[in-house]
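These are my notebook entries on a structure that I looked up part by part. I set them down in the order in which I worked.

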Amino acid sequence: GPTALALLGPAPGAPCCPHGPALLFVKTSQGKEEGRRFYACSACRDRKDCNFFQWEDEKVSEARLAAREEYNRSHQPCFTHRQNVDRYKNFVLLPLSKRRFCQECQQLLLPAEWKKHSHHQFLCDITTTQLKSPSQLLYPLENKKTNAQYLFTDRSCQFLLHLLTDLGFRRVLSVGTPRLHEMIQSKASQEEEFNVRSLLLDIDFRYSQFYTEDEFCHYNMFNHHFFGGEAARETCRKFLCEENGERVIMVTDPPFGGLVEALASSFKKLMAMWRETEKEGHDNREMPTFWIFPYFFESRILDFFPSFSMMDYQVDYDNHALYKHGKTGRRQSPVRIFTNLTPSMIVLPEEEGYRFCTVCQRYVSSGNQHCEICNSCTSKDGRRWKHCVLCKKCVKPSWFHCNNCKCCTLEKHSCGKSDSGCFVCGKAGHKRSACPSLSRS
């Protein structure tokens with residue numbers, strides 16, 4: 001029968017790979033009892049990117065532990081963050097003609113290093129503008145699910161930033177949102193009256209070449225691991241302190257192939273960190289959050305954060321073939337903002353086709369019609385959905401009720417197949433491979 005992986009979560013004393021503490025998983029087979037538990041890399045879903053594996057009950061020899069520590073050490077970046085900050089200071093003092101960036105090593109080069117990189121491709125005359133937009137200078141690591149670096153379009157980024165400032169937030173914890181971070185940083189350096197600050201937490205260490213230790217922490221959002229140890233954790237904690245009423249919001253844009261359960265666990269830890277910094281009355285409150293993720297994960301996210309709701313705004317990405325706005329993308333972006341803020345506060349731009357529904361008290365996509373029976377605006381994908389009396393809910397316009405399957409589904413489908421539903425979560429309407437549950441088979 002088919003097998004699936006279930007995540008058991010971060011375990012105390014878990015072994016480490018180069019991406020920090022591994023996560024504990026168990027293999028389950030339909031109709032059989034649970035399989036043997038094992039540790040695997042938290043960040044890489046693909047064994048090619050990190051092949052760490054260890055059975056939970058396995059006794060690991062001293063020699064193998066030593067070899068593993070050596071391996072982890074040798075797989076750390078060649079410069080520390082501190083060294084990168086010093087290098088940057090020297091780099092900016094160079095005349096334009098001596099500012100080179102090695103494209104193969106993804107590294108700013110000082111003149112003494114040119115020789116070593118002489119056979120590599122490099123960019124010359126790196127301007128201050130380029131240094132202030134590293135997300136455009138660095139090539140995106142798209143091949144890895146770990147670093148699925150799809151960057152917000154300028155339009156989506158501007159929208160998010162305006163929304164945050166209009167809501168009165170002055171500190172943004174940018175978890176895996178380098179483009180938002182750099183937009184905030186460059187505005188802050190150019191405009192005197194712009195007083196928003198951002199701290200970037202990202203697994204991509206290349207950013208340490210452009211940002212100080214107060215602006216960037218090397219962080220793995222799948223296991224809540226700060227590579228810089230206690231000092232980096234302290235930087236984050238300090239940043240979360242709300243001095244002079246500067247409100248903090250976390251904005252996060254995880255890889256969509258990521259384990260929702262692992263992400264939720266890390267975000268809860270970041271929220272707890274925020275709560276600890278507070279002197280008064282945050283005990284039962286959650287740190288304001290924007291979690292940016294595809295709409296078909298809605299039920300999973302709400303399982304972990306019942307206080308969240310999904311906004312209709314479609315977030316677009318620059319280098320994502322599928323999720324571009326308008327005519328160039330193959331379809332509309334399925335990516336949405338999940339937030340614990342009051343929905344009526346999230347104002348969406350009417351010129352981009354959003355309207356306010358007075359009954360739902362939130363902005364919705366203009367094609368999203370209020371259904372009298374469901375008493376809500378039910379569309380998830382921007383098209384107008386239709387109510388099915390038999391299913392007692394609204395469904396996609398392309399679906400029809402099938403009496404055999406006793407539910408709405410695509411017109412062309414093989415009956416009875418979806419009866420048992422998805423093997424991973426048991427729900428009908430999708431295959432195991434597309435299951436929004438945490439499992440990746």
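**Entry 1: terms and the model**

I first fixed what counts as an element: helices are DSSP runs of H or I with at least four residues, strands are runs of E with at least two, and both are numbered from the N terminus. With that settled, I placed D125 in the loop between β9 and α3 (128-132). I also noted that this is a predicted model.

**Entry 2: D125**

I looked up the backbone of D125 and found a positive phi of about 50°, although this residue is not a glycine. I then asked whether D125 is buried, partly exposed or exposed. Its relative accessibility is 39%, so I entered D125 as partly exposed.

**Entry 3: the protein as a whole**

I recorded nine helices and 25 strands for the secondary structure of the protein. Of its 441 residues, 48% are buried. I also looked at contacts between residues at least 6 apart in sequence, and 55% of these join residues at least 24 apart.

**Entry 4: strands β4, β5 and β6**

I began the strands with β4 (residues 23-29) and β5 (residues 37-40), which form an antiparallel pair over four bridges. In this pair, F25 lies opposite F38 of β5. I then followed β5 to β6 (residues 53-55), where the pairing is again antiparallel and runs over three bridges. Here I noted Q54 in β6 as the bridge partner of Y39.

**Entry 5: the sheet of β8, β7 and β9**

I turned to an open sheet of three strands, whose order is β8-β7-β9 and whose pairing is antiparallel. Which strands stand at its edges? They are β8 (107-109) and β9 (122-123); each has a single partner strand, so one side of each has no neighbour in the sheet. Between β7 (residues 100-102) and β8 I found three bridges in the antiparallel sense. One of the residues I looked up there is R100, whose bridge partner in β8 is L109. Helix α2 (residues 81-93) packs on this sheet and touches β7 and β8. The direction of α2 makes about 50° with that of β8.

**Entry 6: T165**

I located T165 in helix α5 (residues 154-166). Setting aside neighbours within four places in sequence, I found T165 in contact with R170, F194 and V196. I also looked up the separation of T165 and N195: they are 30 residues apart in sequence, and their C-alpha atoms are 9.3 Å apart in space.

**Entry 7: helices α7 and α8**

I next examined how α7 (residues 229-240) packs with α8 (residues 260-277). Their axes are 8 Å apart and make an angle of about 60°. How should this angle be classed? Roughly perpendicular begins at 65 degrees and roughly parallel ends under 35, and α7 and α8 are therefore oblique to each other. I entered their crossing as right-handed. On the α7 side, R233, C236, R237 and L240 make the contact, and they meet L270, M273, W274, E276 and T277 of α8. By class, this contact has five nonpolar, one polar and three charged residues.

**Entry 8: S365**

I found S365 in strand β19 (residues 362-365). Is S365 buried or exposed? The cut-off for buried is under 20% relative accessible area, and S365 has 11%, so I entered this residue as buried. Beyond residues up to four places away in sequence, S365 touches D312, G353, Y354, R355 and G382.

**Entry 9: the hairpin of β24 and β25**

I closed with β24 (399-402) and β25 (407-410), which have K406 in the loop between them. These strands pair in the antiparallel sense over four bridges, and they form a hairpin with four residues between them. I looked up C402 and found that its bridge partner in β25 is C407. In the turn, K406 has a positive phi of about 55°, and K406 is a residue other than glycine. I asked last whether K406 is buried or exposed. Its relative accessibility is 67%, so K406 counts as exposed.

Key. Residues are numbered from 1 along each chain as its sequence is written. This is a predicted model: local features need pLDDT of at least 70, side-chain atom pairs count only at pLDDT 80 or more; totals for chains, interfaces and linings use all residues. Side-chain values use heavy atoms; hydrogens and water are left out. Axes are lines fitted to C-alpha atoms, for helices over the stretch in contact, and angles run from 0 to 180 degrees between N-to-C directions. Angles under 35 degrees count as roughly parallel, over 145 as roughly antiparallel, 65 to 115 as roughly perpendicular and the rest as oblique. A crossing is left-handed if the near helix is turned anticlockwise from the far one by less than a right angle, and right-handed if clockwise. Contact means heavy atoms within 4.5 Å. Ala, Val, Leu, Ile, Met, Phe, Trp, Tyr, Cys and Pro count as nonpolar, Asp, Glu, Lys and Arg as charged, and the others, Gly among them, as polar. Two strands pair if DSSP finds at least two bridges between them. Buried means under 20% relative accessible area, exposed over 50%, partly exposed in between (1.4 Å probe, protein chains only).
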